[in-house]
Amino acid sequence: MVKLISLDLDGTLLDPGGQVTPAAKSAIAEARAAGVRVVINTGRPAPEAFSYVREACCDTLVSILGGAAVADCASGQLLRRWDIPKSAARRTLELCLNRNIALMIFAGERIVVDPFSRAALLESYPYPLFHDNAELAEDPLAYLAEQGLPLTKIHGEGSPDAFPLEELAALEGLTLTSSGPRDFEVVGAGVDKGRALALIATLYGIPLEQCAAVGDSDNDLAALRAVGVPIAMGNASPAVQAAALRVAPSNRENGSAWAVLSCLG
């Protein structure tokens, strides 16, 4: 019996236009009325995640930054955060900057972008809540040092040929993953959506074997592998579909609604 459902956002709960459909909202409402917890498990930061929690009427605990933090939407409080170790943080930034990669730099509870990334992301990632909360820094390395900020996560977008994946993989203390074919993500070693989901399940008093997780990208694999009922979207990568107990329709076809309702039988 499923008592908690974890939903990724992009490519899963959100349709290709970045919207939560009426069918998805209805399915979540039905699940919660049946006593099933429904939580969001996303790579996005707190301001964006909270807005979707409210819009979709999910439960208030949320995994953000690809599992690098867990927060409570009701109070706005950060409950736990796992940063990239200081020993690797500076070199990680050095490797990612000045490569014509659009970077989202998540520094604790703050978002930092360099001028190139800001211009690129205004076109490729037109979400006001992100840009309203992002701080512009000519030199992010110096800015984080001056402000005493940790490095929690880096999300990079652009041409894969420019990605410093081999150099990053050689560093200790990091986990590399992605949410699509033209991006990469860096978090601390051992950080993933599965560990964050495990904390949320513990806080709600629900065993992981009674949880379901729905996702589409490689950064969702840890969540699917952690739960009793792993569900892949129809638009999911082959690796995600291979890890799933069942495959929902795509996010163009209200697959997240199907996935939620499939847990209520």
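Begin by selecting β6 and β7 in this predicted model, where the two strands form a hairpin with two residues between them. In the turn, pick out Gly108, which has a positive phi of about 65°. The two arms of the hairpin, β6 (102-107) and β7 (residues 110-113), pair in the antiparallel sense over three bridges. To see one of these contacts, select Ile105, whose bridge partner in β7 is Val112.

From β7, move across to β8 (134-136), which is joined to β7 by three bridges and runs parallel with that strand. Two residue pairs are worth displaying here: Ile111 stands opposite Ala134 in β8, and Val113 has Leu136 as its bridge partner.

Now widen the selection to the whole sheet, which is open, has six strands in the order β8-β7-β6-β9-β11-β10, and shows mixed pairing. At its edges stand β8 and β10 (174-177), and because each of them has a single partner strand, one side of each is left without a neighbour in the sheet. If you look across the strands, the twist averages 20° from one strand to the next.

The next stop is the largest pocket, which has a volume of about 630 Å³. Its lining comprises 34 residues, and to find the middle, select Asp10, Gly11, Arg44, Tyr125 and Ser179, which lie nearest its centre. Several elements can then be coloured in turn, since α1 (9-13), β6, β9 (153-157) and β11 (183-188) each supply at least two residues of this lining. Strand β9 gives the most, with three residues. Colouring the lining by residue character divides it into eight nonpolar, 13 polar and 13 charged residues.

Finish with the cysteines, bearing in mind that the structure holds zero disulfides. Select Cys57, which is in no disulfide and whose nearest cysteine sulfur, that of Cys58, is 7.8 Å away. Why is there no bond between Cys58 and Cys57? The sulfur of Cys58 has its closest cysteine sulfur in Cys57, and the 7.8 Å separating them is too far for a bond, given that a disulfide requires the sulfur atoms to be within 2.5 Å. A surface display also lets you examine how each of these residues is placed: Cys57 is partly exposed, with a relative accessible area of 49%, whereas Cys58, at 4% relative accessibility, counts as buried.

Notes: Residues numbered from 1 in each chain as written. Predicted model: local features only at pLDDT ≥ 70, side-chain atom pairs only at ≥ 80, totals over all residues. Heavy atoms only, no water. 1 Å grid on protein atoms, 1.4 Å probe; cavity = no way out; pocket = protein on both sides within 12 Å on 5 of 7 lines; lining within 4 Å. Points joined across faces, edges and corners; volume = space filled by probe spheres on them. Helix = DSSP H or I, 4+ residues; strand = E, 2+ residues; numbered from the N terminus. Nonpolar A, V, L, I, M, F, W, Y, C, P; charged D, E, K, R; others polar. Buried < 20%, exposed > 50% of the residue type's maximum accessible area, 1.4 Å probe, protein only. Pairing = 2+ DSSP bridges. Axes fitted to C-alpha atoms, helices over the stretch in contact; angles between N-to-C directions.
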